[in-house]
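Okay, thanks everyone for coming. Let me put the sequence and the model up on the screen, and then I'll talk you through a few spots.

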Amino acid sequence: MRVKKDPKMRQEVFLNAAQELFFSKGYESTSVQDILNQVGNDSASPSVFYYYFKSKEAIYQAVMERYADCYVQDMTALFQEDSRVIERLQKIASVFSQYLGAAGHVGEKGESGDTGRIYLDIKDRVTGRFIQVWAEFLKTELAMKYEEETAAFLCGGISELIRCYQKAGHIGEEDAEKLVEQIISFSCRILRIDPKEQTIYINSVSKKKASEAE
């Protein structure tokens with residue numbers, strides 16, 4: 001007897017395949033047939049695809065929405081940790097770098113290329129939600145005034161740092177570490193965190209990594 005597959009699991013298979021293709025080839029260069037080929041099993045028939053998604057645009061939007069949701073959920077969890085502000089900033093910056101690595105191909109062509117749409121879509125979806133996360137953090141943890149304005153400025157600055165990083169095509173591990181340090185430094189200046197504390201913490205992280213590599 002043939003086992004019937006869970007519809008949600010089958011839908012996830014299509015989303016995973018589509019995300020991999022969109023992030024590696026871009027939107028225009030990916031076809032529905034490419035997605036079917038990527039799935040590559042008996043579920044990969046046009047009828048099954050169109051049962052879940054009306055079009056390539058529909059699955060693209062679903063991929064972007066899922067990606068943005070995961071991004072913001074991971075960030076929100078870090079903001080809610082019970083640890084020093086500088087420690088949370090380091091983890092937050094690392095998650096930025098992690099997600100950047102997943103979509104790092106954007107830097108290969110820049111915003112004018114086919115993949116530029118992906119960068120802009122992620123940015124638009126994430127920034128609005130993330131401003132609210134920052135604002136709550138600034139209000140409850142740091143008792144800052146004008147928390148929403150400050151949050152918007154922080155998100156805009158971090159977004160610009162990432163944009164420059166991607167546009168330059170930096171996708172290596174060392175470049176990612178530099179980006180993390182830049183995000184921490186920028187955030188600390190805006191949040192008025194003691195530069196000495198920032199330097200001590202970054203140095204301690206560097207020493208820890210060097211020790212682990214030996």
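I'll go through confidence, then the core, then a buried arginine, and then the aromatic rings.

So, first thing: this is a predicted model. The average pLDDT for the protein is 78, and 78% of the residues reach at least 70. Where is confidence lowest, and where is it highest? The low end is helix 6, residues 106-109, with a mean of 43, and the high end is helix 2, at 93. Around that low spot, residues 104-112 stay under 50 in pLDDT, and for that stretch the model has 23 contacts beyond four places in sequence.

On to the core. The largest nonpolar core holds 59 residues. The residues with the most contacts inside it are Phe14, Phe22, Ile35, Ile59, Phe96, Phe130 and Trp134. Which elements give two or more residues to this core? Going along the chain, we have helix 1 (7-25), helix 2 (32-39), helix 3 (46-52), helix 4 (56-79), helix 5 (85-102), helix 7 (116-140), helix 8 (147-167) and helix 9 (173-191). Helix 4 gives the largest share, 11 residues. As general background, nonpolar side chains in soluble globular proteins tend to be buried together.

Let's click on Phe96, one of those residues with the most core contacts. If you skip its neighbours within four places in sequence, Phe96 is in contact with Tyr71, Met75, Phe130, Ile158, Ile162 and Ile183.

Phe130 takes us into helix 7, where Phe130 and Trp134 sit four residues apart, so about one helical turn separates them. Phe130 has 3% relative accessibility and Trp134 has 0%, so both count as buried.

Now for the arginine, Arg88, over in helix 5. Buried or exposed? Arg88 is buried, because its relative accessible area is just 3%, and the cut-off for buried is under 20%. What does its side chain make a polar contact with? The partner is the side chain of Glu141, at 3.3 Å. Again leaving out neighbours within four places in sequence, Arg88 is in contact with Leu78, Phe79, Glu81, Ser83, Phe137 and Glu141.

Okay, rings. The count comes to 15 aromatic pairs. Take Phe49 and Tyr50: their ring centres are 5.0 Å apart and the planes are at 85 degrees, so that pair is edge-to-face. Phe49 is buried at 0% relative accessibility, whereas Tyr50 is partly exposed at 43%. Back in helix 7, Phe130 and Trp134 also form a ring pair, with centres 6.2 Å apart and planes at 65 degrees, so this one is edge-to-face as well.

Ring pairs also link up into a cluster made of Phe14, Phe49, Tyr50, Tyr51, Tyr52 and Phe53. And Phe14, if you remember, is on the list of residues with the most contacts inside the core.

One more ring to look at: Lys56 lies over the face of Tyr27, at 4.1 Å from the ring centre.

Last stop is Thr76, in helix 4. Thr76 is partly exposed, with a relative accessible area of 22%. Its C-alpha atom is 9.2 Å from that of Ile92, and the two residues are 16 apart along the chain.

That's my tour, so let's rotate the model and discuss.

Definitions and conventions:
Residues numbered from 1 in each chain as written. Predicted model: local features only at pLDDT ≥ 70, side-chain atom pairs only at ≥ 80, totals over all residues. Heavy atoms only, no water. Core = buried A, V, L, I, M, F, W, Y, C linked by side-chain atoms within 4.5 Å. Buried < 20%, exposed > 50% of the residue type's maximum accessible area, 1.4 Å probe, protein only. Contact = heavy atoms within 4.5 Å. pLDDT = per-residue confidence, 0-100. Polar contact = N/O pair within 3.5 Å; in protein donor to acceptor, adjacent residues only side chain to side chain. Phe/Tyr/Trp six-rings, centres within 6.5 Å; stacked < 30°, edge-to-face > 60°. Lys NZ or Arg CZ within 6 Å of the ring centre and 35° of its normal.
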